[in-house]
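Reader: I would like a close look at one loop and the helix that follows it. Please work outward from there and keep it brisk.

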Amino acid sequence: MSAAAMAGAGRQAIFVTGAASGIGRACAELFAQRGWFVGLYDVDANGAEAVAATLGKGNAVAGALDVGDADAWQKALEAFWRHSGERLDLLFNNAGILASGPFESVSLAKHEAMLTVNVLGMMNGCHCAFPYLRRTPGARVINMASATAIYGQPDLVTYSATKFAVRGFTEGLDLEWSKFGIRVGDIWPSFVRTGMTTNFAQLATAKSLGIRLAPADVAAAVWACAAARPRSHKTHRTVGLQAGLLAFATRIAPAALSRRVVQHLAR
């Protein structure tokens, strides 16, 4: 076994996308603190490497990854597999982008970019990671969804649509891959204080609900998913009181009432 592989041998290992900042960084730091070997990958390779350097020698590997590029996924996963001692216990598809505003005012290029990163990036990751996940007993996938997957959000319509796609993809793949012992789940946080929400001051829904979560709150939810026993597996996990209440309300309320509530919050 190479020196690189020995660094991660015997430890559970997590592969994190969008790891240079925000939720991805908080998740990488938490799992490293809990003794996991961490792979940090981002389009900002320098940022990912800088975070990895803070986690201690032999605890992490970092590199560049454009999640929309399947070939880049293959290369990143091969490198991670070598360094992790040949295991992939958890794939965290965290990378995502967002453009807000009235649908017609957002350029088509930005709409397409959200689809590429938020949906195709997740699909690429799962497809490319499958051989590694299957070779790791008890492996899991956690996809980053959002409370916007509960009901479509005005001024976030394409972003919301991508998270509905994450939701449906997660449900179907969890059923498919259960026969391999691979569990698939997603996380539904409400607004989180990250660079992505910096320009949300004028977004009506953000004004109504507030931006109350920190990246560490979401990282804690990811940890709870990873640490859950198989019988306690949840396909969907909300993060924050607001997301939990909204998810509950839409389950028990008529569709017309849910529409009115969301419409009110977006005023």
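Author: Aspartate 155 sits in the loop between β5 (140-144) and α6. The model is a predicted one. Phi of aspartate 155 is near 70 degrees, a positive value in a residue that is not glycine. Is aspartate 155 buried or exposed, or does it fall in between? Its relative accessibility is 27%, so it counts as partly exposed. The limits behind that call are 20% and 50%.

Past the loop comes helix α6, residues 157-177. It packs on α5, with the axes 9 Å apart and an angle of about 15 degrees. An angle under 35 degrees counts as roughly parallel, so α5 is roughly parallel to α6. The crossing is right-handed. From α6, the contact draws on Thr158, Tyr159, Thr162, Lys163, Ala165, Val166, Phe169, Leu173 and Trp177. From α5, it uses His111, Met114, Leu115, Asn118, Val119, Met122, Met123, Cys126, Phe130 and Leu133. Sorted by class, these are 14 nonpolar, four polar and one charged.

Now follow α5 to another partner. Helix α4 (residues 70-83) meets α5 (residues 108-134), with axes that come within 9 Å. They cross at roughly 40 degrees. That angle makes α4 oblique to α5. This crossing is right-handed. On the α4 side, Ala70, Trp73, Gln74, Leu77, Glu78 and Trp81 make the contact. On the α5 side stand Gly121, Asn124, Gly125, Cys128, Ala129 and Tyr132. The classes here are seven nonpolar, four polar and one charged.

After α4 comes another loop. Glutamate 86 lies there, between α4 and β4. It has a positive phi of about 60 degrees although it is not a glycine.

Next is the strand. Asparagine 93 is placed in β4, residues 90-93. Which side chain does asparagine 93 meet in a polar contact? The partner is the side chain of asparagine 143, at 2.9 Å. Asparagine 93 has a relative accessible area of 6%, so it is buried. Beyond its neighbours within four places in sequence, its contacts tie several of these parts together. Among them are Gly121, Met122, Gly125 and Cys126. Met122 and Cys126 also take part in the contact of α5 with α6. Gly121 and Gly125 take part in the contact of α4 with α5. Trp73 touches asparagine 93 too, and Trp73 is on the α4 side of that helix pair. The rest of the list is Thr17, Val141, Ile142, Asn143 and Met144.

Phenylalanine 92 is in β4 as well. Its relative accessibility is 0%, so it counts as buried. Its C-alpha atom is 9.2 Å from that of methionine 122, 30 residues apart along the chain. Leaving out residues up to four places away, phenylalanine 92 touches Ile14, Phe15, Val16, Thr17, Ile23, Cys27, Ile142, Met144 and Val222.

That list leads to β1. Alanine 13 is found in this strand, which spans residues 13-17. Alanine 13 is buried because its relative accessible area is 0%, under the 20% limit. Its C-alpha atom lies 6.3 Å from that of serine 84, although the two are 71 residues apart along the chain. Apart from residues up to four places away, alanine 13 touches Trp36, Phe37, Phe80, Ser84, Arg87, Leu88, Asp89 and Leu90.

Phenylalanine 92 also points to a further helix pair. It touches Ile23, Cys27 and Val222, and these residues belong to the contact of α2 with α8. Helix α2 (residues 22-33) and helix α8 (residues 215-227) pack at about 55 degrees, with axes 8 Å apart. The angle makes α2 oblique to α8. The crossing is right-handed. Gly22, Ile23, Ala26, Cys27, Leu30 and Phe31 come from α2. Pro215, Ala216, Val218, Ala219, Ala220, Val222, Trp223 and Ala226 come from α8. This contact holds 13 nonpolar residues, one polar and no charged.

Last, the wider frame. The chain has 10 helices and seven strands. Of its 267 residues, 51% count as buried. Among contacts with a separation of 6 or more, 67% join residues 24 or more positions apart.

Methods. Residues are numbered from 1 along each chain as its sequence is written. This is a predicted model: local features need pLDDT of at least 70, side-chain atom pairs count only at pLDDT 80 or more; totals for chains, interfaces and linings use all residues. Side-chain values use heavy atoms; hydrogens and water are left out. Axes are lines fitted to C-alpha atoms, for helices over the stretch in contact, and angles run from 0 to 180 degrees between N-to-C directions. Helices (H or I, at least four residues) and strands (E, at least two) are DSSP runs, numbered from the N terminus. Angles under 35 degrees count as roughly parallel, over 145 as roughly antiparallel, 65 to 115 as roughly perpendicular and the rest as oblique. A crossing is left-handed if the near helix is turned anticlockwise from the far one by less than a right angle, and right-handed if clockwise. Contact means heavy atoms within 4.5 Å. Ala, Val, Leu, Ile, Met, Phe, Trp, Tyr, Cys and Pro count as nonpolar, Asp, Glu, Lys and Arg as charged, and the others, Gly among them, as polar. Buried means under 20% relative accessible area, exposed over 50%, partly exposed in between (1.4 Å probe, protein chains only). A polar contact is a pair of N or O atoms within 3.5 Å; within protein, one must be able to donate a hydrogen and the other to accept it, and residues adjacent in sequence count only if both atoms are side-chain atoms.
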